[in-house]
Amino acid sequence: MVERSAVIAALDAVIDPISGQGLVAAGLVQGLVVADDRAGFALEVDRSQVAAYAPVRDAAEAALKAIPGMSRVSVILTAEAKPGLSAAPKPRTAGLSKAALDQGRARAPVPTDRPAHVRHVLAVASGKGGVGKSTVAVNLAAALAARGLSVGILDADVYGPSLPTMLGISGQPAYEDGAIVPHHAHGLKAMSVGLLTKMDDAMIWRGPMASQAITQMLTQTRWGTVEAPLDVLVVDLPPGTGDVQLTLIQKTPLDGAVIVSTPQEVALTDARRAHTLFQKVGVPTLGLIENMSGPVFGEGGAEAEATRLGVVFLGALPLDASLREAGDAGRPLVAAQPEGEIAARFAAVATGIAGALDI
Ligand SMILES: Nc1ncnc2c1ncn2[C@@H]1O[C@H](COP(=O)(O)OP(=O)(O)OP(=O)(O)O)[C@@H](O)[C@H]1O
Ligand SMILES: [Mg+2]
């Protein structure tokens, strides 16, 4: 059991090179979480200074790890949100389809942190972990891109960010003219919560810290420009239907959600919960996807569940080793084998989603 005061003292022993004060005294420590043997916080610095503060982040991590009894530490380095930057959203009616506008109207209150120059924000969610949500999210994004759409993917899974591995990207994102420059990989613009922290640190964020980091990645990343807006931003949400997910989906300006489930009853029960959660906040469930379909886990369960819930069944994806291998190798299978059978399945799912979003 680590004391909060010990954590604060350790952080104040690390000197901010700009002000010459300890990190806490300098006001750089945001959203500090101390729980049992874990601690985490966001080191929030001026956006022009992010690269320069990487060694300070490392020093802060080392200082926390040196506290007796501490076993897990997570420090993220983020740029300070300038007042007014995300507080005054631009009217985004131009370029929005009628369907999206209707969906926007149905939601109240409209979140103020919509990313600029992004036409549609689509969540990929699952009630249960490990059902292949991230695999579906990256391949679906690639399938949407294959339709000629400009597509971004945001890994908002604070519990287990997997986009860096699945897309083969690493390193702190660059800042340019006050905006985060997303990675470009396999025709997608990509940003992950895993790029803001060290990959081997377990994510221990809760509530405010997690949603703050995600809001920042949403609104401060240059997803699109006036001339070239992003058509779809796919958001890989953390699995589950708890408070963290509720806060995230309330704070994220979502135009629709797709829910991934395996065919088993236990996963379907959780998929139902996820649908209820989206209904509660007025985000339309665009459809249900069955993953790992086949002789091992069964098939057809998600389609029957979609019928029960009155939502669209978007398609089934087989349990297939090449999907896992491609993910492990940092290349979505849809991009690696665009002519393959699995790519065709994802193309069909993408067609369903493009239809639902009217794009
Ligand atoms: N259809 C499939 N066929 C074979 N392997 C799959 C399939 N879908 C996912 N996998 C593999 O299953 C594992 C879990 O998938 P993934 O990480 O996409 O799930 P997740 O729901 O995002 O998990 P988490 O809850 O941890 O975020 C990965 O190793 C992935 O490669
Ligand atoms: Mg995942």
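## Phe278 and the nonpolar cores

Leaving out residues up to four places away in sequence, Phe278 touches Ala125, Leu237, Ile249, Leu254, Ala257, Ile259, Val283 and Thr285. The model is a predicted one. Phe278 belongs to the largest nonpolar core, which has 82 residues. Phe278 is also among the residues with the most contacts inside that core. The others named are Leu140, Ile153, Leu167, Val234 and Val258. The helix α4 supplies the largest share of this core, eight residues.

A second core is separate from that one and has 25 residues. Its members include Leu23, Ala39, Leu43 and Ala60. As a general background, nonpolar side chains in soluble globular proteins tend to be buried together.

## Ser126

Ser126 sits in the loop between β4 (118-125) and α4 (133-146). Is Ser126 buried or exposed? Its relative accessible area is 2%. The cut-off for buried is under 20%, so Ser126 counts as buried.

The Ser126 side chain has a polar contact with the backbone oxygen of Lys128, at 2.6 Å. Beyond its neighbours within four places in sequence, Ser126 is in contact with Val131, Lys133, Pro239, Gly240, Ile259, Val260 and Ala274. Of these, Ile259 is also touched by Phe278.

## The shell around ligand 1

How many residues surround ligand 1? The shell holds 17. Gly130, Lys133, Ser134, Thr135 and Pro318 are the closest. By class, the shell divides into seven nonpolar, six polar and four charged residues.

Three polar contacts can be placed by atom type. An oxygen atom of ligand 1 lies 2.5 Å from an N or O atom in the Thr135 side chain. An oxygen atom of ligand 1 is 3.0 Å from a polar backbone atom of Gly132. On the nitrogen side, an atom of ligand 1 is 2.9 Å from a polar backbone atom of Asp320. Alone, ligand 1 exposes 630 Å², and the protein buries 79% of that area.

## Elements that line the ligand

Which elements give two or more residues to the shell around ligand 1? They are α4, β12 (285-293) and α10 (321-328). The most comes from α4, with three residues.

The helix α4 thus recurs through this report. It follows the loop that holds Ser126. It gives the largest share of the 82-residue core. It also gives the most to the shell around ligand 1.

How values were computed
Residues numbered from 1 in each chain as written. Chains lettered and ligands numbered in written order. Predicted model: local features only at pLDDT ≥ 70, side-chain atom pairs only at ≥ 80, totals over all residues. Heavy atoms only, no water. Helix = DSSP H or I, 4+ residues; strand = E, 2+ residues; numbered from the N terminus. Buried < 20%, exposed > 50% of the residue type's maximum accessible area, 1.4 Å probe, protein only. Polar contact = N/O pair within 3.5 Å; in protein donor to acceptor, adjacent residues only side chain to side chain. Contact = heavy atoms within 4.5 Å. Near = heavy atom within 4 Å. Areas by Shrake-Rupley, 256 points an atom, 1.4 Å probe, with all protein chains shown as cover. Nonpolar A, V, L, I, M, F, W, Y, C, P; charged D, E, K, R; others polar. Core = buried A, V, L, I, M, F, W, Y, C linked by side-chain atoms within 4.5 Å.
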